[in-house]
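Biologist: Could you take me closely through one part of this model, the C-terminal end of the chain, and then set that part against the rest of the fold?

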Amino acid sequence: MRIAVPNKGRLHEPTLELLERAGLHLVNGADRKLYADTVDPDVSVLFARSADIPEYVADGAAELGITGYDQARESPVELHELLDLDYGGCRIVLAVPEDGDIEDVSDLDGGTIATEFPRITEGYFEGTDVDVSITEVSGATELTPHVDMADGIVDITSTGTTLRMNRLEPIEEILSSSVRLFAREDVLDDPKVEQVRTALDSVLAAEDQRYLMLNAPEQRLEEIREVLPGMGGPTVMDIAGTEQVAVHAVVAEDAVFEAISELKAVGASDILVTEIERLVE
Ligand SMILES: Nc1ncnc2c1ncn2[C@@H]1O[C@H](COP(=O)(O)OP(=O)(O)OP(=O)(O)O)[C@@H](O)[C@H]1O
Ligand SMILES: O=P(O)(O)OC[C@H]1O[C@H](OP(=O)(O)OP(=O)(O)O)[C@H](O)[C@@H]1O
Ligand SMILES: [Mg+2]
């Protein structure tokens, strides 16, 4: 089983980090290589450009691919999306010069749009009654409206800094993207695919949960339980030779702050909060 992952760019590092956290450690160095093995002898990693990953998976070079949803939409191939990996969040927008006369999509009729995403752009304009010609560029798209190459652009934005720096403003959002795990339809029944999906999902599931440990007087256990409904309730252990119990529970990260003061109020002490590496439900 091969997983195609970004070989460079902003998705490279976080993708390798995710594989590591999921337990799929690369074993023979990743630098400047096309392939790497993982600790699982049945799983290897293939490095490719983010934009090429959908094609690599569809063509059989890899069974699974990790890349942006925008890249999957731009590619002509059809893949099955297994998991939203929740990083590389960005939007593809239609943007025009801040100080020009274009205020609305309809003002672009008869105009030219420059983009690295011609298919997405074409699909968007097909859904409007605005006719534009599309010029494909391979980078620095933001420059094109200022050198009379285009009236507007369709490009990626996240913080909006690049658009602002180039005196452009978004007038429409075309799609919202994040990194996803994709598979070819014919491998969906392979148990290894499910194993990889579960491993990656366990990292995401753990991210917004914390492991809470505390000591409490045994007679206050019921009150403690009320604060900690948790996953299947807390684990309770007797502390030998004392009237105290040790309580362990998984708690949503955003509930920890409040839970701590409530737990103290019902007699908890020695409260410890730790991150969870993986969580398989
Ligand atoms: N500003 C951004 N914020 C968040 N995610 C982004 C941003 N820009 C790009 N991405 C995501 O990362 C993917 C790859 O973009 P990146 O710029 O890293 O590679 P690239 O420019 O395609 O690399 P290459 O150098 O191989 O051409 C995009 O398809 C998108 O999903
Ligand atoms: O809204 P912002 O946060 O400013 O991000 C948007 C920019 O990020 C991406 O470029 P990237 O930094 O990946 O550089 P690249 O052109 O080399 O791909 C994208 O092509 C935009 O130019
Ligand atoms: Mg880029």
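**Helix 8 and its surroundings**

Modeller: In this predicted model, helix 8, which covers residues 253–265, has a kink of about 35° centred on Ala259. After helix 8 comes Gly267, a residue with a positive phi, near 100°. Helix 8 lies across three strands, namely strand 12 (209–217), strand 14 and strand 15, and its direction makes an angle of about 150° with strand 14.

The strands beneath this description belong to an open sheet of four strands, ordered 13-14-12-15 and paired in antiparallel fashion. At the edges of that order are strand 13 (235–238) and strand 15 (269–275), each of which pairs on one side only. Averaged over neighbouring strands, and with direction ignored, the turn of one strand against the next in this sheet is 15°. Strand 13 and strand 14 (residues 244–252) run antiparallel and are joined by four bridges; within strand 14, Ala246 is the residue that stands opposite Met237.

As for where this part sits in the chain, the domain assignment places residues 209–275 in domain 3, alongside domain 1 (2–89 + 178–205) and domain 2 (90–177). Between the C-alpha centres of domain 1 and domain 3 there are 38 Å.

For the setting, another sheet is worth describing in similar terms. It is an open sheet of five strands in the order 8-7-9-6-10, and its pairing is mixed. Strand 8 (133–136) and strand 10 (168–177) each have a single partner strand, so at these two edges one side of each strand is left without a neighbour in the sheet. Here neighbouring strands are turned against each other by 25° on average, again with direction ignored. Strand 7 (residues 112–115) runs parallel to strand 9 (residues 152–157), with three bridges joining them, and Ile113 stands opposite Gly152 of strand 9. Helix 4 (residues 118–126) lies across strand 6 (90–97), strand 7, strand 8, strand 9 and strand 10, and runs at about 170° to strand 8.

On the annotation side, an unreviewed UniProt entry lists residues 49–200 under "domain: ATP phosphoribosyltransferase catalytic". Over those residues, 49–200, the chain is 24% helix and 31% strand, with 21 Å between the end C-alpha atoms.

Conventions: Residues are numbered from 1 along each chain as its sequence is written. Chains are lettered from A and ligands numbered from 1 in the order in which they are written. This is a predicted model: local features need pLDDT of at least 70, side-chain atom pairs count only at pLDDT 80 or more; totals for chains, interfaces and linings use all residues. Domain bounds come from an automatic or database domain assignment. The bend at a residue is the angle between axes fitted to the seven residues ending there and the seven starting there. UniProt positions are given in the numbering used here, feature names are shortened, and annotations may be inferred rather than shown by experiment. Two strands pair if DSSP finds at least two bridges between them. Axes are lines fitted to C-alpha atoms, for helices over the stretch in contact, and angles run from 0 to 180 degrees between N-to-C directions. Two residues are in contact if their C-beta atoms, placed from the backbone, lie within 7 Å.
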